[in-house]
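Please open the structure in a viewer and keep the selection tool at hand. The tour below proceeds stop by stop, stating at each one what to select and what is found there.

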Amino acid sequence: MGTSAPEHAAPTTSTGSAFIAWFDDVGMDDVGRVGGKNASLGQMRSVLAAAGVRVPDGFAVTADAYWHVLDTNDLRGPISTELARLDEPGVELHEVGERIRSLLRGATMPEDLTAAIRSAYAELGERCGGATPDVAVRSSATAEDLPDASFAGQQESYLNVVGSDQVVAAVQKCIASLFTDRAISYRQANGFDHMRVALSAGVQQMVRSDRGASGVMFTIDTETGHPGSIVIDGAWGLGESVVKGVVDPDEWVVFKPTLGTAPTPITSRRLGSKQERCTYAEGGGTRYEQVAKADRQRFVLRDDQVIELARWAVAIEDAYARPMDIEWALDADGETLFIVQARPETVQSRAAGAAGKVHRILGAPGELLVEGMAVGTAVASGRACVLTDTADIEQFPDGGVLVTGSTDPDWVPAMRRASAIVTEHGGRTSHAAIVSRELGVPAVVGAHDATHRVPEGSMVTVSCCEGEVGRIYAGEAEVEVTELDPAALPTTETPVLLNLGTPAAAMASWQLPARGCGLARMEFIVGSDIGIHPMALVRSELLDPAERAAIARRSAGHASPVEFFVSQLASGIARIAASRHPDRVIVRLSDFKTNEYRNLVGGRHFEPHEENPMIGWRGASRYASDGYREGFALECRALRRVRDEVGLANVALMVPFCRTVEEADAVLAELARHGLERGRDGLEVFVMAEIPVNVLCAAEFAERFDGFSIGSNDLTQLVLGIDRDSSELAATYDERHPAVVRAIRMLIEDAHAAGRHVGFCGNAPSADPAFAALLVELGIDSISVTPDAFASVLEAVAAAEGAVAR
C-alpha cells in the first residue's frame, strides 16, 4: 500500500501542474497520487452526479507535492533517522512525532508548489463565483480511507480557510500532520512503511452549513452490522461538532429494502439536544456558540431530506460495492444538501457473518451511576479515570475506564489502553463511538454529567449488553461471555422464531437464523420509549399541570403529543419488523394490565383498581370499549404507518386475551375501521391461545383468525387455576402438566382440521429446551423463543425432529 517515494517530482506550471489534480479528474485508481479521501471525492463527482449526488468542487494538492517539499528541504534522511529512534529504549513516541512535525512545519514551501496552489485556488474562486472562496483543507493520506485501513482523524483538517496565503499555510500544516502521534502509531500497528506513505491535501469549496446543518451517515447499522439500515446523525452548524462528539445529534434510521417503494421508510427518529453549533470565526477558522432552545427542540432535517440523503447513501454504497461512512452538509438555504466526504466503513462490514461473543451480567449489578447510548454489546470493568484535558493523558492507567466530556484524535493513545470509554456528549457517529468500535472497546456516549457522577478511581462496570441504553454501575459485576456462531447452528423443519420486546434486542439478534418473529410485544415499546398512557393524549383536560408538563417534555420535537405517541410506537415496531424482514413479524396488540397502565403518565385517570388484574380488563376487552377505544385508535395509526408508509408489510397482528367470539368480532371490526382489515393487502390477524375458551372453541376462533399462538404462561395458570405470580403455588405451576399438554394437543388438532397455523410463543421452550421437543411431537407449526435461548432450542428441535424421523 501507499505510494512510492519519487526522488523528485517533475512539476509544470499553472493548474495543470503535477502538484494539482482537480476532483473531476481523479478516481479510486488515483489513491497513490491523491490519497483515499481525495480519490473518493473525485470518484463521486464523476460517477454519482447522474444519481443527483452533489459534491462540492475542489482540487487535490498531490503526493508529488509532498515529496517535493521533502526533497527541496532535504528531509527524507532526518525523518528516517527520527523514526529509527522509535526502536531505541526510552525514546517516547510523542518526542519523535513532535521533532518530525517541527521539521515539516519549519520547511520552506517551494515557490513552484506555492504558485500552483495559488493558481488553483484562484481558479476555484472563478468556478464558485467568488475571488477568495472559503474552503476546507483536509488531509488525505495514501494509506487512509481504504477498505482495510480507515481510522478516525489520523491527520488534520482545517475549515473556513480564506485567502491564498492561508490555503498554502493549511496545506503545509496538513503535510506535517502525516506524523501526528496517532498516525505514526497506526501505521506501525498496521505494517505501513512510513517512508512509502505520502500526504495529499484536498482543497474543497465550503458548504455554508455553519448556517445550516451537517452530520454523518453510515450505510450499515453501526452497532449491530445490520445491512438493511442507514443511520444518519445531524446537528446545527459545521460537521465538526458531530464528528468530534461535542453535541448529542439528531438520529434517523432508514430501511434500505423499502427505500425505493415506500413513501417514508424511516424506521426511527431520535431528537438530540444539540446544545452547541460549530460556526465560522471572524478571520477564518471555527468557533462554538449556543443553540437557541427552539432550534434544540426541532429536527435539523425534514423527512424528505432524510430520504434524499438515504438514497444518495445507497447510490454511494452501490458505486463502491461496500458499506460506507459518509459526511453530509445542508447549505444555509435549508434546502440544498451536499456530500463532503465518503470512506469505507471498516468495523461492522468486516465483522459481518463472524462468530460473536454474547455478554450477560449475572445477578444484580451495583448502583446505577449514569446512563447514555451504548456503543457495542460488550461489558467491561475497570477503575474509573476521569480526565477533562489531554494534557493529563499520561495519568491514564492500562485497563482503566476513560471518563471524559468528549474525545478527538488526541485522546486515542488513552483510548487504546482503556477497557471501556464513557463520554458526556456525542452520538453513535461521534469520534468516541467510531474509535471504540475500531478498538473493540465498549463505550457509552451522551452520558450526561458522567465526569461528576462517576467517582474518580472507583471500580465500575460499563454495560452495553442491555440494548440501546448503556449503563455504568458501581463495582465489578459478574459477567458471562458465550461464543455464538450462527453459521454452525442446525437447520430444522419446524421454524424456530424469536420473541422480541425491544427494538434494540431485535436489531442485536438479526444474524440469528430465525425464520421470523412469533411475538413482538407492543407494550414494551409503550412502556420504555413512550411512557404516556394513550388516553392521556386524547383526554388531556383530565390531567394535572405536572402530567401535562411531563408529556410536553417527552414529546418535544414532534408536531403534537399524539404524533409523538404514534411516531415512537411506529418506530419501535418498524425496527423490530425490519430486523426480520422479509419474514413475518407478529405484533401483539397492547396487553398491559390495569395496574401496569396506571404507572404510565396520566394512567391514574383512566384505569380502575382491580383485585386481580391478571384476569381483569386487559387484551381484547379494551380495544372496542368506551374507556380505551380512542387510545386503541393511536395503536392502529402506528401499525398502519409501519405497513403503509414505512413499507413493512411483513407485519401481522395478534389479538391477546380474547375471551369470546363476540369480542373477536368487535376487535376485528375496530381494526377494519382504522384501515387494518384482515386480508387487505395481505394483512394476517392471529389470536393468542391463552384462555381455555380458545381451546374449547378453536373451530369458532379459526373462522375469524389466520392462526393461533399459544401463550403457555396464561394458559397454564387458567387451566390449573393458579396465580402464576404466587410464590406459595410456584411448585404446582407446571407447563408440562398433563392437562396443559392435553389442551395444547386439542388446539393443534382442531386448528389443523380448520387449516389454521398454530405457533407457540410462551416462555416454556426458552426456559426448558426439552419442552420444545414435546411441542415437535405434538405437531406444532412453529416455536418462538427469546434470543438468548434460540441456539439451545434450535438444537433441541433438530434433535427431536431426528428422533421423530427415526
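The expected span of a helix is 1.5 Å times one less than its number of residues. This value is needed at the first stop. Please note also that the model is a predicted one.

**Stop 1: helix H5**

Select residues 111-128, which form helix H5. The helix has 18 residues, and the distance from its first C-alpha to its last is 26 Å, close to the 26 Å expected at 1.5 Å a residue. Which residues of H5 are buried? They are Leu113, Thr114, Ala116, Ile117, Ala120, Tyr121, Leu124 and Gly125. Now move to Gly129, which follows H5 and has a positive phi, near 85°.

**Stop 2: cysteines**

Select the cysteines. A disulfide is a covalent bond between the sulfur atoms of two cysteines. How many disulfides does a search of the whole structure find? The search finds zero. Cys128, for instance, is in no disulfide, and the nearest cysteine sulfur, that of Cys174, is 18 Å away. Cys128 is partly exposed, with a relative accessible area of 26%. Cys464 is likewise in no disulfide; its nearest cysteine sulfur belongs to Cys465 and is 8.1 Å away. Is Cys464 buried or exposed? Cys464 counts as buried because its relative accessibility is 2%, and the cut-off for buried is under 20%.

**Stop 3: an open sheet**

Strands of a sheet pair through backbone hydrogen bonds, either parallel or antiparallel. Select strands S1, S2, S5, S3 and S4, which in that order form an open sheet with antiparallel pairing. Strand S1 (20-22) and strand S4 (157-162) stand at the edges; each has a single partner strand, so one side of each is left without a neighbour in the sheet. On average, neighbouring strands of this sheet are turned by 25° against each other, direction ignored. For a closer view, select S1 together with strand S2 (residues 58-61): the two pair in the antiparallel sense over three bridges. Within this pair, Trp22 has Phe59 of S2 as its bridge partner.

**Stop 4: Gln305 in helix H10**

Select residues 303-320, helix H10, in which Gln305 is found. Gln305 is buried, with a relative accessible area of 3%. What does Gln305 touch, if residues up to four places away in sequence are not counted? Its contacts are Val300, Leu330, Gly334, Glu335 and Leu337. Add Thr336 to the selection: Gln305 and Thr336 are 31 residues apart in sequence, and their C-alpha atoms are 9.1 Å apart in space.

**Stop 5: the barrel**

Select strands S23 to S30. Eight strands close into a barrel here, in the order S23-S24-S25-S26-S27-S28-S29-S30, and the pairing is parallel. The twist from one strand to the next averages 30°.

Begin with strand S23 (residues 496-500), which pairs with S30 in the parallel sense over three bridges. The bridge partner of Leu497 in S30 is Ser784. S23 also pairs with strand S24 (residues 517-521), again in the parallel sense and over three bridges. There, Leu500 has Ala520 of S24 as its bridge partner.

Turn next to strand S30 (residues 782-785). Ser782 and Ser784 point one way, Ile783 and Val785 point the other way, and all are buried. Strand S29 (residues 757-760) pairs with S30 in the parallel sense over two bridges, and Gly759 has Ser782 of S30 as its bridge partner.

**Stop 6: helix H22**

Select residues 629-645, helix H22. This helix has 17 residues and reaches 23 Å from its first C-alpha to its last, close to the 24 Å expected. Among its buried residues are Phe632, Leu634, Cys636, Leu639 and Val642. Just after H22, Gly647 takes a positive phi of about 90°.

**Stop 7: the nonpolar cores**

In soluble globular proteins, nonpolar side chains tend to be buried together. The largest nonpolar core of this model has 101 residues, and those with the most contacts inside it are Leu671, Phe708 and Ile744. Helix H19 (residues 561-580) gives the most to this core, with 11 residues. Select Leu671: leaving aside neighbours within four places in sequence, its contacts are Leu589, Phe632, Cys636, Leu653, Leu676, Glu677 and Val685. Apart from this core lies another, of 49 residues, including Ala63, Trp67, Leu75 and Ala170.

Conventions:
Residues numbered from 1 in each chain as written. Predicted model: local features only at pLDDT ≥ 70, side-chain atom pairs only at ≥ 80, totals over all residues. Heavy atoms only, no water. Core = buried A, V, L, I, M, F, W, Y, C linked by side-chain atoms within 4.5 Å. Buried < 20%, exposed > 50% of the residue type's maximum accessible area, 1.4 Å probe, protein only. Helix = DSSP H or I, 4+ residues; strand = E, 2+ residues; numbered from the N terminus. Contact = heavy atoms within 4.5 Å. Disulfide = S-S within 2.5 Å. Pairing = 2+ DSSP bridges. Axes fitted to C-alpha atoms, helices over the stretch in contact; angles between N-to-C directions.
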